[in-house]
Amino acid sequence: MRKRITERQEAMLRLPPAAMLPFHLYLRLSGFYLFYFAALGVQLPYWGLYLQSLGFDPARIGELIAIPLATRLVAPTLWGWLSDHTGRRMQVIRWGCLASAATFSGVYAVGDSYGGLLLVTLIFSFFWNAVLPQFEAVTLDHLGEAQRHRYSRVRLWGSLGFIGAASGVGFLVQDWGAGIVPALLLALFVGLWINSLLAPEVRQVVVVQAAPSLLRALRQPAVIAFLTAGFFNQAAHGPYYGFFSLYLETCGYSRESIGLLWGLGVAMEVAMFMLFPRLLPRFGPRRLMLTALALAALRWLLIAHFARELPLLLFAQTLHAFSFGVFHAVSIHLIHQFFPGALQGRGQALYSSLSFGAGNAVGSLAAGYLWQGLGPTAMFDLGAGLGALAWWIAWRGLRV
């Protein structure tokens, strides 16, 4: 059997911890995150508003939002397997970015057809979901073991892209209407593809060595607890990602204010990414993850019952630093630990599939139906309950 070991990884292992990435490489890696999460900064706050402008009710909106999340059950694993077996991860990413932009343009052809949007979203998301997990593996390969703790310094540019998009697009949507959202997304998808052409592949050499077993890794109790907690934590985020903007409109907030509230949450995430390299050695992954999950449950309760109280809503948004920022940074650290070497791509894909895929899809679907049946408060009460369940699972099983 064969296992690929990168020349860059071997070099990084010999560098002192303070060494930094070459500046041109830092720009190319961080630029990818900037474009990718700027697209999410348009999609998450405003895609639901766009679908609402087409006349869809909350249940239909929840279904359309859940489709790209559901494709993460299959797409990341398939593309992760392809990347791991070919060793050409950046080539997979580039084709995924190009196909994402091309297929998303179909929204102009289908208009307000529910069936047409469903089909376009299904095809588009199959390629879109190939991109980020593999790029996470590329970034970690470039960083190497000696600089892995610096991952958050690269990833924070994605958060800055999200803030700029979420905050700025709110003013555009207020003035021009939600119909502008598809054009903005398409432009960002094209920009992401162009940036992918600049990011370098990690050069690899092949040595003879037994490949690690994915099944053996998945049998570890800590891995099972980690993936299960990730599923429930992201299911708890489903109402937020799918319906937070619509919910705030019912509470009387303007679209400019909604964009700024999204931006505030991710600004706190940026601050946390900058602090994380100091927090991880001091507190360890288990304590940080338990803290993140506890504060996530508190956040959803505050949004459910006090969204009209601006000071409490602002506080709830600052907790995004923990509910997403700390949780995700710890997760990337644990994936690199649980899925070493040739398992990196599949480990990233599995995490993406079960959490951002299955978890978000279940949460978004449930949120749409709960809004229709019981009202929006019930959505975020569900999120609080799922967050508490994730905390209990991590407390019982995550011994790292």
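Here are some numbered notes on this structure, written for someone opening it for the first time.

1. Before anything else, keep in mind that this is a predicted model. The residue numbers I use count from 1 along the chain as its sequence is written.

2. Helix H2 is a good place to begin. It covers residues 23-53, which makes 31 residues, and the distance from its first C-alpha to its last is 44 Å. At 1.5 Å a residue you would expect 45 Å, so the two figures are close. Even so, H2 has a bend of about 50° at tyrosine 46. Most of the helix is covered, with 22 of its 31 residues buried. Just past the end of H2, look for glycine 55, whose phi is positive at about 100°.

3. Helix H9 can be read in a similar way. It runs over residues 151-176, and its 26 residues should span 38 Å at 1.5 Å a residue; the end C-alpha atoms are 37 Å apart, so expectation and model agree. H9 bends too, by about 25° at valine 169. Just after the helix comes glycine 177, with a positive phi of about 90°.

4. How many salt bridges are there? The count comes to 2. One of them joins the side chains of arginine 60 and glutamate 63, with an N to O distance of 3.1 Å. Both residues belong to helix H3 (residues 58-70), where they sit 3 residues apart, about one turn of the helix. An α-helix has 3.6 residues a turn, so residues three or four places apart point the same way. Are the two partners buried or exposed? Arginine 60 is partly exposed, because its relative accessibility is 36% and that class lies between 20% and 50%. Glutamate 63 has a relative accessible area of 17%, so it falls under the 20% limit and counts as buried.

5. Another salt bridge pairs glutamate 249 with arginine 255, and here the closest N and O atoms are 2.7 Å apart. Glutamate 249 has a relative accessible area of 26%, which makes it partly exposed.

6. Stay in that region for serine 254, which you'll find in the loop between helix H12 (221-250) and helix H13 (255-306). Its relative accessible area is 29%, so serine 254 is partly exposed. Its side chain makes a polar contact of 3.4 Å with the side chain of glutamate 256. Which residue could you check for a longer step along the sequence? Try phenylalanine 171: it is 83 residues from serine 254 in sequence, yet their C-alpha atoms are 9.5 Å apart in space.

7. Next, look at serine 245 and phenylalanine 306 together. Serine 245 is part of helix H12, and with a relative accessible area of 4% it is buried. Phenylalanine 306 lies in helix H13 and counts as partly exposed, at 37% relative accessibility. The two are 61 residues apart along the chain, and 15 Å separates their C-alpha atoms. Compare that with phenylalanine 306 and glycine 325, which are 19 residues apart in sequence but 23 Å apart in space, C-alpha to C-alpha.

8. Is serine 323 buried or exposed? It is buried, because its relative accessibility is just 1% and the limit for that class is 20%. This serine belongs to helix H15 (residues 320-338). Its side chain is joined to the side chain of histidine 237 by a polar contact of 3.4 Å.

9. Leucine 78 is worth a quick stop in helix H4 (residues 75-86). At 41% relative accessibility, leucine 78 is partly exposed. Leucine 64 is 14 residues away from it in sequence, and the C-alpha atoms of the two leucines are 22 Å apart.

10. Finally, turn to the surface around tryptophan 391. Which residues make the nonpolar patch there? They are Leu389, Trp391, Trp392 and Trp395, and the patch has an area of about 380 Å². Tryptophan 391 itself lies in helix H17 (residues 376-397). Its relative accessible area is 30%, so tryptophan 391 counts as partly exposed.

Terms used
Predicted model: local features only at pLDDT ≥ 70, side-chain atom pairs only at ≥ 80, totals over all residues. Heavy atoms only, no water. Patch = residues over 30% accessible without salt bridge, like charges linked within 9 Å, V, L, I, M, F, W, Y side chains within 5 Å. Areas by Shrake-Rupley, 256 points an atom, 1.4 Å probe, with all protein chains shown as cover. Salt bridge = Lys/Arg side-chain N within 4 Å of Asp/Glu carboxyl O. Helix = DSSP H or I, 4+ residues; strand = E, 2+ residues; numbered from the N terminus. Buried < 20%, exposed > 50% of the residue type's maximum accessible area, 1.4 Å probe, protein only. Bend = angle between axes of the 7 residues up to and from the residue. Polar contact = N/O pair within 3.5 Å; in protein donor to acceptor, adjacent residues only side chain to side chain.
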